[in-house]
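Visitor: Hi, I've just opened this one and don't know my way around yet. Could you walk me through it?

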Amino acid sequence: MERSEPSSRMIAFLNASMERFESSSRVSAPYTGKRTLYGDKYVDVMKSHYDYYKSRIRIGVEGYSTSLKPIDLYRALESLFKTCGEVHNIQIRRDPVTNALQRSCIVILRGEGAGDKALQLNGSDVGGSKIVVTSLPPELSELSTGLSTDVLAARRVAHNRRKRSEGISVTGYDTSLTKDDLKNALTNHFSTCGEITDVFVLNSRALVYFYGLGSNNRAVQLSGTDLGGCTLVVKALPYPKPKGSAWTRLRYRFRSATLSTITGWAHQM
């Protein structure tokens, strides 16, 4: 089946789309040396995130009668534990089959010394039964490492930046250079393109990853430039296929197909 040629209206639309794509600030905006994902505030946001979860003291409670109504159990536990600090939440769970109360629940407290005070309530009466009170680990596993929330925030931001980095492939350099010398040379050469997160030197090529919109486009424009007497060949690496939801994967396929169609038709014009 022969593919129909695009109409004049479609050609005009594609030309306009290509012009917008090539002149888009997303692609060609100058590198400012600043992170684009919330800027420096991103670390502050993540620190607040960790501080919030660190302030939540998780207490396990079991031993109560599972015949109690959920609302009665909630009120009894709230009345008991409010002497320890702020009762932030009480997570009461039910059996997915029988709908009966599960044998354990979680009380989340906030306040100085709330955890120690809660443990002293072990053996208290709730609905005619003596409860067993235990201390649970933090809700976020990273908080169990003992690292400060500042350090955890910085590590999370660095990890997220790496996941959102875009890469280029570089060949044509002097292969007699050591890996360390080549990494330094490539870092200096591409430093004006964007924030470099990683440089990997393989057997036949090097991979340079950037964080920041338009970094790859600026780096590819340096293809054919000189590095120590050698002419570099720079190509953009393809976007990694997303591993998220079906909607995310669908958007990826639509974007890839659209760009491929536009590029193919543009080359035919």
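Guide: Sure, let's go through it bit by bit, starting with the overall picture. Keep in mind that this is a predicted model.

Visitor: OK, how many helices and strands does the protein have?

Guide: The protein has nine helices and twelve strands.

Visitor: And what share of the residues counts as buried?

Guide: Of its 269 residues, 29% count as buried. The accessible surface comes to about 17,100 Å², with 52% of that belonging to carbon and sulfur atoms.

Visitor: What about contacts across the sequence?

Guide: Take the contacts between residues at least 6 apart in sequence: 65% of them join residues at least 24 apart.

Visitor: Let's zoom in on a sheet. In what order do the strands of the four-stranded one sit?

Guide: The order is 2-3-1-6, and it's an open sheet with antiparallel pairing. Strand 2 and strand 6 are at the edges with a single partner strand each, so one side of each has no neighbour in the sheet. On average, neighbouring strands here are turned by 25° against each other, direction ignored.

Visitor: Does anything pack on that? I mean, which helix touches the sheet?

Guide: That's helix 4, which touches strand 1, strand 2, strand 3 and strand 6. The direction of helix 4 makes about 150° with that of strand 2.

Visitor: Stay with the strands for a sec. How many bridges join strand 1 to strand 3?

Guide: Six, and the two strands run antiparallel. Arg58 stands opposite Ile108 in strand 3, and Glu62 stands opposite Ser104 in strand 3.

Visitor: And strand 2 with strand 3, how many bridges there?

Guide: Five bridges, again in the antiparallel sense. One pair to look for is Glu86 with its bridge partner Arg110 in strand 3.

Visitor: Is strand 3 mostly covered or mostly open?

Guide: Mostly covered: five of the seven residues in strand 3 are buried.

Visitor: Back to helix 4, then. Which of its residues are buried?

Guide: Leu73, Leu77, Leu80 and Phe81. Looking down the axis of helix 4, you'd see these buried residues within an arc of 80°, so they line one face of the helix.

Visitor: What covers them?

Guide: The cover includes strand 1 (57-62), strand 2 (86-91), strand 3 (104-110) and strand 6 (132-135). Helix 5 (114-119) and strand 4 (125-126) are also part of it.

Visitor: What span should helix 4 have, going by its residues?

Guide: Helix 4 has twelve residues (70-81), and at 1.5 Å a residue they should span 16 Å. The C-alpha atoms at its ends are 16 Å apart, which agrees.

Visitor: New topic: loops. Where is Asn99?

Guide: Asn99 is in the loop between strand 2 and strand 3. Its phi is positive, about 70°, although Asn99 is not a glycine.

Visitor: Why does Asn99 count as partly exposed?

Guide: Because its relative accessibility is 47%, and partly exposed lies between the 20% and 50% cut-offs.

Visitor: One last stop: where do I find Lys183?

Guide: In helix 7, residues 179-189. Lys183 is at 32% relative accessibility, so this residue counts as partly exposed too.

Visitor: What does Lys183 touch?

Guide: Leaving out residues up to four places away in sequence, Lys183 touches Val199 and Val201. You can also compare Lys183 with Ala206: they are 23 residues apart in sequence and 8.6 Å apart in space, C-alpha to C-alpha.

Definitions and conventions. Residues are numbered from 1 along each chain as its sequence is written. This is a predicted model: local features need pLDDT of at least 70, side-chain atom pairs count only at pLDDT 80 or more; totals for chains, interfaces and linings use all residues. Side-chain values use heavy atoms; hydrogens and water are left out. The expected span of a helix is 1.5 Å times one less than its number of residues. Buried means under 20% relative accessible area, exposed over 50%, partly exposed in between (1.4 Å probe, protein chains only). The arc is that of the directions from the helix axis to the C-beta atoms. Contact means heavy atoms within 4.5 Å. Accessible areas come from the Shrake-Rupley method with a 1.4 Å probe; for residues, only the protein chains shown count as cover. Two strands pair if DSSP finds at least two bridges between them. Axes are lines fitted to C-alpha atoms, for helices over the stretch in contact, and angles run from 0 to 180 degrees between N-to-C directions.
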